Amino acid sequence: MKKKYFCFVNNLNDNIIKNIKKFNGKPMLAITCDTLNECGVFDRLIVSTDSTEIRDIALSIPNVEVLNRSQELSNDSANIVDVIADTIERFSFAPNSSIC
């Protein structure tokens, strides 16, 4: 069976605040990941970040792995395509995997 992965890429400084902001007592990142886990489509969720707050939240969620983003890709001029390519390159994905 084809493996499916969802890469959540925390992009730039503005989104850090949005992703840790609480809604009904839960950080938005946790709500998003919980929803993705509940849908049953993905085998693994991956969060790419350089934020310790995002990393701590992500590590508290089942089925979530964290990729510590490099300094080179952690600035306001970083290209999202480069961040996703880095995530794909640094993780071991099963052959014929689908990555969203």
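## Model confidence

Among the elements of this predicted protein model, strand β1 (residues 4-9) has the lowest mean pLDDT, 64, and strand β3 (residues 26-27) the highest, 92. Here pLDDT is the predictor's confidence in each residue, from 0 to 100, while helices (H or I, at least four residues) and strands (E, at least two) are DSSP runs numbered from the N terminus. The protein averages a pLDDT of 81, and 85% of the residues score at least 70.

Residues are numbered from 1 along each chain as its sequence is written. Local features need pLDDT of at least 70, side-chain atom pairs count only at pLDDT 80 or more, totals for chains, interfaces and linings use all residues, and side-chain values use heavy atoms, with hydrogens and water left out.

## Helix α2

Helix α2 (residues 28-39) has 12 residues and should span 16 Å at 1.5 Å a residue (1.5 Å times one less than the number of residues); its end C-alpha atoms lie 17 Å apart, in agreement. Its buried residues (under 20% relative accessible area, 1.4 Å probe, protein chains only) are Leu-29, Ala-30, Cys-33, Asp-34 and Leu-36. Viewed down the axis of α2, these residues fall within an arc of 165 degrees (taken from the directions from the axis to the C-beta atoms), so they line one face of the helix. Gly-40 follows α2 and has a positive phi, near 75 degrees.

## Nonpolar surface patch

Ile-80, Val-81, Ile-84, Ile-88 and Ile-99 make a nonpolar surface patch of about 370 Å² (residues with over 30% relative accessible area and no salt bridge, nonpolar side chains joined within 5 Å). Helix α4 (residues 80-90) contributes the largest share, 4 residues.

Ile-99 is located in strand β6 (residues 98-99). Because its relative accessibility is 34%, Ile-99 counts as partly exposed (between 20% and 50%).

Terms used: Patch = residues over 30% accessible without salt bridge, like charges linked within 9 Å, V, L, I, M, F, W, Y side chains within 5 Å. Areas by Shrake-Rupley, 256 points an atom, 1.4 Å probe, with all protein chains shown as cover. Salt bridge = Lys/Arg side-chain N within 4 Å of Asp/Glu carboxyl O.
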